[in-house]
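This briefing goes through the cysteines, the aromatic rings, the sheet and a few single residues. Please keep the sequence and the model open while reading.

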Amino acid sequence: MHGRVKVKTTAQQEEEKRKEREKKLKIYVAARDACFSKRTDGVLDEEALQLTQQLLSSNPDFATLWNYRREILMHQETIKDEDEVQNIYEAELLFLESCLKVNPKSYGSWHHRSWVSARLPRPDWSRELSLCDRCLSLDDRNFHCWDYRRMVVRMSGVPVDKELEFTDRLIGSNFSNYSSWHYRSTLLPLLHPESPEPPSPCRQPQSSPPPSPQTQSHRVCEEQLLKEYELVQNAFFTDPNDQSAWFYYRWLLGRAEREEMISCVYVSREEERVAVAFSRPVNAQSVGLFLVLDGQPQRVEWRSVHPRFKQSPVWICDLPPGTINDISNEHNLTVHWTEKHTHRDCALYTGRTESWCRDTATDQELFRSELSVEKTSVLQSELQSVNQLQELEPLNKWCLLTIILLMRALDPLGYEKETLAHFQTLKEVDSMRSAYYNDLCSKFMIENTILKMEYAEVRVFSISDRNLTTLCHLDQLLLVTHINLSSNQLQRLPPQFAMLQCLEVLEADNNCIENLEGVYHLLRLEEVSLRNNKISTPADLKPLASCRKLKRLDLRGNPVTQSPDVESELSELLPSVTDLLL
């Protein structure tokens with residue numbers, strides 16, 4: 001046994017480690033308590049600065065200690081001259097580098113570094129950029145460092161084109177650098193903004209102020225888009241399964257931003273009601289919405305179509321009784337949206353019971369990109385390229401989804417059959433996300449049906465037997481009088497359904513509906529057919545009680561029909577219904 005090293009047992013090693021941890025913990029707790037005591041007493045001295053440094057060196061995510069340290073440093077600013085403050089903060093930056101070595105993604109350390117850099121009398125921004133470069137070379141997805149870099153760039157005035165070159169270098173060395181792709185998407189609109197489009201000739205002129213920096217478009221000019229398409233194609237042809245480039249590609253193909261406007265004004269003589277639809281959800285009670293009737297401002301109370309909505313694309317108001325109910329009179333109505341300096345007129349002619357003025361989804365090309373002739377040819381070329389990749393990678397989900405998006409940008413109706421086939425393949429190759437693909441396919445089918453309805457110039461919306469799992473774009477159906485949603489997979493009629501203010505007939509047979517929350521206060525609704533759904537109790541039908549004109553209700557094939565005394569309960573809940581089918 002002579003000459004052999006005595007090896008400690010596992011138990012002995014664990015016991016020594018335990019004692020060492022206890023020793024360190026006692027020191028840590030003592031220092032922490034001392035810091036808390038000093039802060040409670042309002043002590044802002046050098047000793048407190050050293051204590052916080054001791055603790056944060058081992059645990060840089062102690063937010064309270066960073067706050068205390070900032071209090072001490074701000075006190076030092078009041079008693080030191082500028083050179084001394086410069087030295088203190090430079091030492092602080094060195095200390096922070098040691099903290100970042102302990103945890104490169106420490107929220108507290110990066111936040112404190114931003115605070116220190118902003119207070120330095122003479123900051124060295126080139127040094128900070130160099131630090132960011134070093135950190136990103138170790139982890140190119142350190143989002144704390146990316147946020148800090150953006151702050152440094154903003155404060156130091158680094159030209160946008162230099163930062164774009166920086167993303168070029170990172171992407172060139174690693175196509176999978178998602179953070180660089182994202183950063184690039186924030187830089188391009190600043191360096192290569194999209195040219196402003198002239199107003200559409202089909203839309204009535206509306207006064208509006210010049211665009212401010214806050215309302216600047218986030219789209220990129222066409223010339224630069226061509227270069228970006230080439231760059232991103234190199235990436236996903238190199239590695240078709242990496243998602244970073246595909247996400248960036250989807251951003252490039254993104255739809256143009258909708259103009260903020262009043263998209264529809266509807267007036268009903270019978271209900272003496274006005275409904276206004278906006279291009280985005282708003283709070284009409286706070287954005288300055290005013291109604292002028294025959295040259296006279298009206299005092300009306302705007303309310304959203306459903307009590308749950310504080311923000312909604314559709315708002316309604318009731319006119320004073322007797323204002324427009326005489327069918328022999330003509331009225332001119334104007335809705336002013338003062339926040340956007342815009343308005344929309346609507347005339348209610350003699351003999352008409354209702355009137356509206358609107359921009360249709362086809363007018364606005366709402367469900368596709370705003371494409372010029374040149375860009376259309378470019379996207380057609382992109383579609384051919386991605387189709388070529390799909391031939392090589394037939395089961396690549398990113399490729400399939402991008403083909404769908406390109407087809408919709410080019411011709412939503414013309415490519416409808418191919419789109420449905422690709423969705424079916426997607427659900428097979430990526431079954432874990434089949435619910436997402438079902439919802440996305442439902443969205444696209446609803447968009448196509450809206451377009452077909454508008455081309456036919458009818459107010460009937462029929463989308464039965466299409467495997468719909470969700471409803472969307474309901475603000476576009478404000479004028480619809482008859483809707484058929486039968487033989488789908490809907491589980492509810494959501495609150496947004498209340499936007500169908502002109503609805504008279506609702507057919508939703510053969511679904512899985514158990515919630516009717518959206519069938520709320522639809523004053524013109526007369527017939528509802530809900531056969532073969534999952535409505536289980538009379539209470540589930542309570543939203544229908546607000547539909548005063550409801551006469552016919554078909555509930556055959558629902559569990560509710562098995563409830564005792566269901567007929568009497570429904571008669572009490574829905575007294576206007578004269579044709580109840582159970």
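**Ring contacts and strand pairing in a predicted model**

The charged end of R149 lies over the ring of F166, at 3.5 Å from the ring centre. The model is predicted. There are 19 aromatic pairs and zero disulfides in the structure. Five strands make up an open sheet with antiparallel pairing.

**Aromatic rings**

- W246 and Y249 form an edge-to-face pair, with 6.4 Å from centre to centre and 70° between the planes.
- Both W246 and Y249 belong to helix α11, which covers residues 243–252. They are three residues apart, or about one turn of the helix.
- W246 is buried, at 0% relative accessibility, and Y249 is buried, also with a value of 0%.
- F278 and W337 make an edge-to-face pair, because their ring centres are 5.0 Å apart and their planes stand at 75°; an angle over 60 degrees counts as edge-to-face.
- This pair connects distant parts of the chain, with F278 in strand β2 (residues 273–282) and W337 in strand β7 (residues 331–337), 59 residues apart.
- F278 and W337 are both buried.
- Y229, F236, F237, W246 and Y249 are joined into a cluster by ring pairs.

**Cysteines**

- Why does C132 not form a bond with C145? The C145 sulfur is the closest cysteine sulfur to that of C132, but the distance is 4.1 Å, which is too far for a bond. A disulfide needs the two sulfur atoms within 2.5 Å.
- C132 is buried, with a relative accessible area of 0%.
- C221 has a relative accessible area of 18%. It counts as buried because the cut-off is under 20%.

**The five-stranded sheet**

- Which order do the strands of the open sheet follow? The order is β5-β6-β2-β1-β9, and the pairing is antiparallel.
- The edges are taken by β5 (303–304) and β9 (354–358). Each has a single partner strand, so one side of each is without a neighbour in the sheet.
- At one edge, β5 and β6 pair over two bridges in the antiparallel sense. S304 stands opposite W315 of β6.
- Strand β6 (residues 312–318) has six of its seven residues buried, so the rest of the structure largely encloses it.
- The antiparallel pairing of β2 with β6 runs over six bridges. A275 has I316 in β6 as its bridge partner.
- At the other edge, β1 (residues 262–268) pairs with β9 over five bridges, again antiparallel. C264 stands opposite R358 in β9.
- In a regular strand, side chains point alternately to the two faces of the sheet.

**S355 in the edge strand β9**

- S355 is a residue of strand β9. Is S355 buried or exposed? S355 is buried, with a relative accessible area of 5%.
- The S355 side chain comes to 2.6 Å from the backbone oxygen of A347.
- Not counting residues up to four places away in sequence, S355 touches V265, Y266, V267, C346, A347 and L348.

**T167 in helix α8**

- Helix α8 contains T167, a residue that counts as buried at 0% relative accessibility.
- What is T167 in contact with, leaving aside its neighbours within four places in sequence? T167 contacts S180, Y183, R184 and L187.

**V158 in a loop**

- V158 is placed in the loop between α7 (143–156) and α8 (160–173).
- Apart from residues up to four places away in sequence, V158 touches L129, V153 and E163.
- V158 and L49 are 109 residues apart along the chain, and their C-alpha atoms are separated by 34 Å.

How values were computed. Residues are numbered from 1 along each chain as its sequence is written. This is a predicted model: local features need pLDDT of at least 70, side-chain atom pairs count only at pLDDT 80 or more; totals for chains, interfaces and linings use all residues. Side-chain values use heavy atoms; hydrogens and water are left out. Buried means under 20% relative accessible area, exposed over 50%, partly exposed in between (1.4 Å probe, protein chains only). Rings of Phe, Tyr and Trp (its six-membered ring) pair if their centres lie within 6.5 Å; planes under 30 degrees apart count as stacked, over 60 as edge-to-face and the rest as tilted. Helices (H or I, at least four residues) and strands (E, at least two) are DSSP runs, numbered from the N terminus. A charge sits over a ring if NZ of Lys or CZ of Arg is within 6 Å of the ring centre and within 35 degrees of the ring normal. Two strands pair if DSSP finds at least two bridges between them. A polar contact is a pair of N or O atoms within 3.5 Å; within protein, one must be able to donate a hydrogen and the other to accept it, and residues adjacent in sequence count only if both atoms are side-chain atoms. Contact means heavy atoms within 4.5 Å.
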